[in-house]
Amino acid sequence: MAKQVVDAMAMQRALTRITYEIIERNRGINELVLVGIKTRGVYLANRIAARLQQLENTEIPVGELDISHYRDDVENPDHGIVDIDVDLTNKRVILVDDVLYTGRTIRAALDAIMDNGRPASINLAVLVDRGHRELPIRADFVGKNIPTAQNERIKVEVEEIDGSDGVYIGE
């Protein structure tokens with residue numbers, strides 16, 4: 001049985017905090033692009049973009065990234081299929097995902113981004129950092145650090161596809 005560790009209100013506060021940190025660290029939002037990793041990262045990126053619009057009165061482009069063809073556990077990956085409909089060249093990219101675990105998803109996302117242009121910079125925003133890194137990857141913006149055991153699982157639910165917001169931990 002999964003235990004809820006972050007409710008909808010705490011999730012909203014975490015995303016708002018990430019939004020303010022993005023503004024502060026980037027000294028505004030000029031040339032900023034959010035890229036959400038499918039599936040839940042896209043919804044989180046859209047929420048951050050909406051909050052940025054409220055605070056800065058400027059629309060921020062949001063790209064969707066499917067990294068399935070860049071995974072290192074796929075034999076003979078096809079590196080030609082990427083779904084980013086935003087030009088990333090010379091932009092400040094904020095890569096958004098729901099959970100940071102081993103770092104392998106982020107490594108694949110970086111490869112996909114670099115195949116689609118050369119951004120000025122790339123930062124990483126995650127809702128949950130659960131530890132257990134296998135690669136030297138660190139998030140720049142973290143909503144919640146949730147230390148876990150290797151056998152535990154983190155499940156993020158978003159209203160748009162799951163019907164409710166929350167973060168759950170279980171085996």
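# A tour from strand β5 outwards

Begin by selecting Asn123, which lies in strand β5, the run of residues 121-129. The model on the screen is a predicted one, and the values quoted at each stop are computed from it. With a relative accessible area of 16%, Asn123 falls under the 20% cut-off and therefore counts as buried. If you now show the residues around Asn123, leaving out those up to four places away in sequence, you will find that Asn123 touches Asn26, Val93, Ile94 and Leu95, together with Asp140 and Phe141.

**The whole chain**

Before moving on, zoom out and colour by secondary structure, which should show four helices and eight strands. Followed along the sequence, these elements come in the order β-α-β-α-β-β-α-β-β-β-α-β. The radius of gyration is 16 Å, close to the 16 Å that the globule rule gives for 171 residues, so the protein is as compact as a globular protein of that length. Turned onto its principal axes, the C-alpha trace spans about 45 × 45 × 30 Å.

While the whole protein is in view, a surface representation is worth switching on: the accessible surface comes to about 9,000 Å², and carbon and sulfur atoms account for 44% of that surface. Of the 171 residues, 44% count as buried. Among contacts between residues at least 6 apart in sequence, 68% join residues that are at least 24 apart. Colouring by charge picks out 21 positive and 29 negative side chains, and the centres of these two sets lie 6 Å apart.

**Residues 93-105**

Next, select residues 93-105, where UniProt, in an unreviewed entry, places the feature "short sequence motif: PRPP-binding". Within this span, 62% is strand and 15% is helix, and the C-alpha atoms at its two ends lie 16 Å apart. Val93, Ile94 and Leu95, already met as contacts of Asn123, fall within the range that the record annotates.

Just ahead of this stretch, select Asn90, in the loop between β3 (62-65) and β4 (92-100). The phi angle of Asn90 is near 60 degrees, a positive value in a residue other than glycine. Is Asn90 buried or exposed? Asn90 is exposed, with a relative accessible area of 55%.

Then go to Leu110, whose place is in helix α3, residues 104-114. Leu110 is partly exposed, at a relative accessible area of 29%. For a sense of distance, draw a line from Leu110 to Gln12: the two are 98 residues apart along the chain, and 26 Å separate their C-alpha atoms.

**Helix α2 and the loop before it**

Select Leu52 in helix α2, which covers residues 40-56. Leu52 is buried, with a relative accessible area of 0%. Setting aside neighbours within four places in sequence, the residues in contact with Leu52 are Thr19, Ile23, Ile29, Leu32, Leu34, Asn57, Thr58 and Ile60. A distance drawn between the C-alpha atoms of Leu52 and Gly28 reads 9.8 Å, for a pair that is 24 residues apart in sequence.

Moving back along the chain, select Thr39, in the loop between β2 (32-37) and α2. The peptide bond that joins Lys38 and Thr39 is cis, with an omega of about 10 degrees.

**Beyond strand β5**

Return to β5 and continue into the loop between β5 and β6 (141-145), where His132 lies. His132 has a positive phi of about 70 degrees although it is not a glycine. This histidine is partly exposed, with a relative accessible area of 27%.

The last selection is Glu157, found in strand β7, which is made up of residues 153-157. How does a relative accessible area of 16% class Glu157, as buried or exposed? Because buried means under 20% relative accessible area, Glu157 counts as buried. The contacts of Glu157, not counting residues up to four places away in sequence, are Met11, Arg40, Asp162, Ser164, Asp165, Gly166 and Tyr168. As a closing check in the viewer, draw the C-alpha to C-alpha distance from Glu157 to Val167, which lies ten residues away in sequence and 6.2 Å away in space.

Technical notes. Residues are numbered from 1 along each chain as its sequence is written. This is a predicted model: local features need pLDDT of at least 70, side-chain atom pairs count only at pLDDT 80 or more; totals for chains, interfaces and linings use all residues. Side-chain values use heavy atoms; hydrogens and water are left out. The radius of gyration is taken over C-alpha atoms; the globule rule is 2.2 Å times the number of residues to the power 0.38. Buried means under 20% relative accessible area, exposed over 50%, partly exposed in between (1.4 Å probe, protein chains only). Contact means heavy atoms within 4.5 Å. Accessible areas come from the Shrake-Rupley method with a 1.4 Å probe; for residues, only the protein chains shown count as cover. Lys and Arg count as positive and Asp and Glu as negative; His and the chain ends are not counted. The place of a charge is taken as NZ of Lys, CZ of Arg, CG of Asp or CD of Glu. UniProt positions are given in the numbering used here, feature names are shortened, and annotations may be inferred rather than shown by experiment.
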